[in-house]
Amino acid sequence: MPIERRQFIRITSLTAASLPFAGVINKIKANERINSDTEVIFEKFADPEMKYRPYVRWWWNGDRVTKEEVLRELDVMKDAGIGGVEINPIKWNENADPIGIKELSWGSEEWLDVVEAAVKGAKERGITCDMIVGSGWPFGGEFVAQEDRSQIMLLGTKNLEGNQKYSLTQKELLDAVNAPSNYEHKVKELFMLRLAPAEMNTFTPGISLDDQLAKDTIEVNVPEGAYVLYYLVRITGFQTVIQGALGANGPVINHYQQSAVENYLNHFGKIVEGRLGPLSNYFRAMFTDSIELEGANWCNDMLEQFKLRRGYDITPYFPYILVKVGEMGNATNEAYGSRFSPELKKELEHIRYDFEITRIELFQERFIGTFTAWCSKHGVRSRMQAYGMDCHPLEASMLIDIPECETWIWIPEVDEFGEKRTEFNGRNYTMINKFVSSGAHLAGKQLISCEEMTNTGEIFSMTLERVKTTGDQSNLSGVTHSVLHGFNYTPLEAPFPGWLRYGSFFNERNPWWPYFRLWSDYKTRLSYVLQNAVMQADIAIMHPLADLASKFGFQRDPFPRVAYPQYVHQVWETIHQNGNGCDIVSEHIIQQSIKSKGKLNFKTRNYSALILIEVETMMPETAKAIKQFADAGGKVIFISKTPKYSSGREGYNKKSKAIVDATNSILKNHPKTSGIADAPSADLVSWYKNIQQQFSLAPYVKISDPVYHVSQLHYKDTNKDIFYFTNYSAKHDHVFTANFNNKKTAWIWDTETGKKYLYPVNADGSLQIFLGKSETKLIVFDNNTTGEKYQLVDLANAKEEALQGPWQLHLQHVNDTSKKIILDQLTDLHSLPGTQNFAGTIIYKKVVNIPETNGKTYLSLGHINDVSELEVNGQPLGAKWYGNHVYDISKAIHAGDNYISIKITTTLGAYTSSLKNNKAAQEWSGPNMHGPIGLTEPVKLLRL
């Protein structure tokens with residue numbers, strides 16, 4: 001039988017881009033660099049420390065908190081295998097029932113009483129505490145002074161006919177321009193007025209009308225021909241904190257103004273330290289959540305800073321390089337303003353790039369730099385989601401002590417594999433994760449955090465299997481630690497389903513909560529390994545960030561409106577799917593790297609090849625560095641396009657020529673090691689496999705049959721090679737041969753049990769890897785040679801017997817009702833009247849006659865949506881929570897009648913969807929947001 005059709009289970013035997021920021025690298029602390037003595041110790045893997053356990057974002061809903069309840073919830077979380085909490089006060093959800101509990105004001109003495117009880121209780125229980133700075137996001141509050149509030153410069157345009165005189169009121173112009181967010185106490189003012197030709201072939205600054213900025217009525221005398229009035233509006237205090245709790249809601253601070261950042265942090269520190277003493281007594285890290293500044297782009301000295309940094313005055317060009325923005329600060333999709341010639345459009349793109357990097361430099365220095373310095377001063381670590389329109393997607397994370405990624409659970413759509421597809425091609429990690437983890441690797445950091453299981457849709461229908469595959473994808477993107485999104489503070493007395501603000505339903509009212517520890521133990525062992533070994537990368541990738549910034553501006557990561565080119569965020573995936581490893585690098589990293597003996601060396605990272613994804617724009621210093629790498633024997637692969645344009649305005653022609661000359665030299669002098677590869681079509685896996693062959697890119701592991709839903713990571717410690725393989729498909733098994741070219745002994749470290757086994761090796765030294773649906777394998781090569789053996793049992797040729805009805809069912813609903821039914825044939829209970837809205841536990845019972853018990857016998861439930869437990873003749877045989885639910889029943893059965901009891905624990909989705917009058921349930925429910933209920937496939941005996 002062909003290998004891809006075989007079915008296996010496992011048993012054991014007792015016998016066996018681009019933006020330059022000077023100084024980033026110099027700011028990396030020596031103690032953050034990778035420790036060359038790092039070692040993964042099996043005994044610590046088997047029983048890891050609490051710090052490796054998943055943490056949770058602990059939403060204090062409306063700050064309706066009590067000391068007694070926070071201590072009770074800490075016990076609940078510890079029992080579930082949660083090792084840390086991020087205290088996160090959040091706005092009250094009006095759909096919830098407060099049951100008479102008072103809403104405390106953030107920063108009040110009553111609130112601080114509960115904070116003190118929480119952090120002391122956590123410390124007593126060995127639970128780590130982080131805390132969000134303030135409440136909600138971004139930084140802000142009712143106490144923020146007018147001069148510290150965020151600013152945005154917005155563009156308005158008005159088409160005017162020639163030879164006409166217009167009278168426009170200032171109020172008319174101001175009312176026509178609105179910020180993406182709308183704080184009631186905002187201040188609007190006209191900042192600039194320019195009258196420009198509607199057709200512009202060469203640059204003209206236009207006619208300045210700034211002498212009328214203070215007038216109530218603006219008079220515009222339009223010359224002959226069509227013109228456009230450009231008017232800039234500055235709005236101060238336009239944005240409010242998103243979901244800020246009582247006492248911490250209000251205007252957002254100006255993140256581009258250092259004094260505003262310092263004032264806010266000091267205000268927070270004074271309140272908390274005034275009660276608790278030094279923050280380091282109780283907290284590991286202070287957290288900065290999403291940098292969603294809604295397009296904020298201004299500070300009072302922006303024009304001066306631009307001239308100081310870029311060497312010219314942007315004022316004449318400024319109206320023409322701004323774009324109109326809408327929701328969340330994203331560029332609007334509309335035609336407006338003057339029409340520029342292609343040459344002028346290109347020139348303005350260079351100037352827009354200069355403005356973008358100036359803005360991002362200021363944010364890095366004045367916000368990130370201030371935040372990290374404040375954390376260091378107070379003895380805590382900085383933890384931050386350092387991405388968005390205001391951050392360099394790679395280099396910002398290099399400055400954070402604990403850089404954080406973001407991985408979501410999406411409302412499902414079905415792709416060609418029957419998988420739940422997201423807008424990111426069936427993946428749950430966001431596109432920013434690989435940037436963040438690459439920056440962490442380059443900075444020598446092994447603790448890479450992730451806001452994980454972010455869920456604003458199917459929260460009641462989320463299965464433990466979905467939790468696993470989503471978390472596994474996080475790890476593939478470079479994450480080494482989970483901060484779950486999240487755990488809602490909710491008293492048991494609150495009516496079902498409790499208090500919910502956001503997030504996946506990690507909650508004791510979730511029917512499968514008693515099984516959550518199965519996942520948390522698995523994840524803890526995996527996190528221990530990934531934090532104590534070093535991810536390997538032999539390929540460096542450069543994204544066309546300068547092209548993106550010039551053409552479209554930086555995007556609102558992790559949800560960009562533009563992917564340039566469309567496939568850009570999938571390249572790293574296919575590199576790993578084909579057995580290599582990679583990091584994304586920036587221009588600054590390339591420039592600072594040492595080029596020697598065919599390697600691009602940056603600190604502890606060493607790359608043998610550099611892939612440039614349709615990069616056309618860069619600094620000449622970068623082109624020079626890439627040429628040096630090629631001259632030193634490194635492999636340079638240009639995808640589709642080659643660099644030819646200099647970023648920025650100054651010295652453009654001369655610098656562009658230097659870039660073209662360097663590129664031509666690479667292609668001419670190194671035809672065997674460098675070249676141009678076509679852009680991919682739909683099949684990226686095959687596309688990269690061809691590139692491997694074309695440029696002789698030897699993988700860490702040669703995979704016989706790479707596919708899009710299976711990937712790998714290679715980690716190393718001082719004496720081990722570690723390979724993490726995962727199948728994130730819940731629909732397909734996958735079997736392949738893996739050639740490692742490794743002389744050490746292969747082991748499988750079982751992340752679910754904490755045990756290890758010798759892995760069988762083929763005659764040619766390769767390994768046969770079977771990954772069932774949603775399955776992970778951790779293969780470790782070391783110098784140990786003796787131990788228990790791991791065996792794969794091939795069930796492809798097993799004799800199958802489908803168990804026929806009737807089945808006796810006992811259903812225990814979460815609403816405390818129960819019923820018994822008999823089914824002649826197994827079916828989705830959602831399709832039957834009376835059980836279509838069921839949620840809870842179902843026990844299926846049946847007597848099965850087994851004439852003889854020679855050989856091995858298994859019971860297969862197939863692939864189900866829920867958690868299963870099995871008892872045979874009263875003997876518990878464990879639980880299955882993902883993949884193929886196949887149990888070895890050989891030692892539990894006897895000849896004759898055998899009593900089978902299968903317990904199925906469902907999700908809540910069908911039930912919450914039916915609660916039409918329950919606002920809290922309906923907010924997070926939908927008619928098609930849940931899977932089947934119970935056993936839906938024939939239950940089979942499999943005999944070998």
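**Helix packing and local backbone features**

In the predicted model, the buried residues of α2 pack against four elements of secondary structure, namely β2 (55–61), β3 (84–90), α3 (109–125) and β19 (481–488). Helix α2 itself comprises 13 residues, 67–79. The distance from its first C-alpha to its last is 19 Å, close to the 18 Å expected at 1.5 Å a residue. The buried positions of α2 are Glu69, Val70, Glu73, Leu74, Val76 and Met77. Viewed down the axis of α2, these buried residues fall within an arc of 160°, so they line one face of the helix. An α-helix has 3.6 residues a turn, so residues three or four places apart point the same way. The face of α2 turned away from the buried side carries Glu68 and Asp79, both of which are exposed. Gly81, with a positive phi near 90°, follows α2.

One of the partners of α2, strand β19, contains Gly486. The peptide bond that leads from His485 into Gly486 is cis, with omega near -5°. A cis bond is also found between Trp137 and Pro138, where omega is near -15°. Whereas Gly486 belongs to a strand, Pro138 is placed in the loop between β4 (128–132) and β5 (151–160). Most residues other than glycine have a negative phi, and most peptide bonds are trans.

Helix α8 (residues 342–377) takes part in contacts with α12 and with α6. Helix α8 and helix α12 (residues 545–552) pack at an angle of about 105°, their axes being 7 Å apart. This geometry makes α8 roughly perpendicular to α12, since angles of 65 to 115 degrees are classed in that way. On the α8 side, the contact involves Glu349, Arg352, Tyr353 and Glu356, which meet Ala546, Ala549, Ser550 and Lys551 of α12. Divided by class, the contact of α8 with α12 contains three nonpolar, one polar and four charged residues.

Helix α12 is mostly covered, with six of its eight residues buried. These are Leu545, Ala546, Asp547, Leu548, Ala549 and Ser550. In addition to α8, the buried residues of α12 pack against α9 (432–442), α14 (587–592) and β27 (617–618). Among the buried residues of α12 are Ala546, Ala549 and Ser550, which also take part in the contact with α8. After α12 comes Gly553, which has a positive phi near 80°.

The axes of helix α6 (residues 302–310) and α8 come within 10 Å and cross at roughly 105°. Helices α6 and α8 are therefore roughly perpendicular to each other. From α6, the residues Met302, Gln305, Phe306, Arg309 and Arg310 participate in the contact. Their counterparts in α8 are Asp354, Phe355, Ile357, Thr358, Arg359, Glu361, Leu362, Glu365 and Arg366. The contact of α6 with α8 is made up of five nonpolar, two polar and seven charged residues.

Helix α10 (residues 464–476) and helix α11 (residues 516–531) pack at an angle of about 10°, with their axes 10 Å apart. Because angles under 35 degrees count as roughly parallel, α10 and α11 are described as roughly parallel to each other. Helix α10 contributes Leu464, Val467, Lys468, Gly471, Asp472 and Asn475 to the contact, and α11 contributes Phe516, Trp519, Tyr522, Lys523, Leu526 and Leu530. By class, seven nonpolar, two polar and three charged residues form the contact of α10 with α11.

Positive phi values also occur at residues other than glycine. In the loop between α7 (318–321) and β13 (339–340) lies Met328, whose phi is near 60°. Met328 is buried, with a relative accessible area of 17%. Asn741, which is not a glycine either, has a positive phi of about 55° and is placed in the loop between β34 (734–739) and β35 (745–749). Asn741 is exposed, with a relative accessible area of 73%.

A further loop position is Lys215, located between β9 (207–208) and β10 (217–222). With a relative accessibility of 44%, Lys215 counts as partly exposed. Lys215 is separated from Gln170 by 45 residues in sequence, and their C-alpha atoms are 7.2 Å apart in space.

Conventions
Residues numbered from 1 in each chain as written. Predicted model: local features only at pLDDT ≥ 70, side-chain atom pairs only at ≥ 80, totals over all residues. Heavy atoms only, no water. Helix = DSSP H or I, 4+ residues; strand = E, 2+ residues; numbered from the N terminus. Expected span 1.5 Å × (residues − 1). Buried < 20%, exposed > 50% of the residue type's maximum accessible area, 1.4 Å probe, protein only. Arc of directions from axis to C-beta. Contact = heavy atoms within 4.5 Å. Axes fitted to C-alpha atoms, helices over the stretch in contact; angles between N-to-C directions. Parallel < 35°, antiparallel > 145°, perpendicular 65-115°, else oblique. Nonpolar A, V, L, I, M, F, W, Y, C, P; charged D, E, K, R; others polar.
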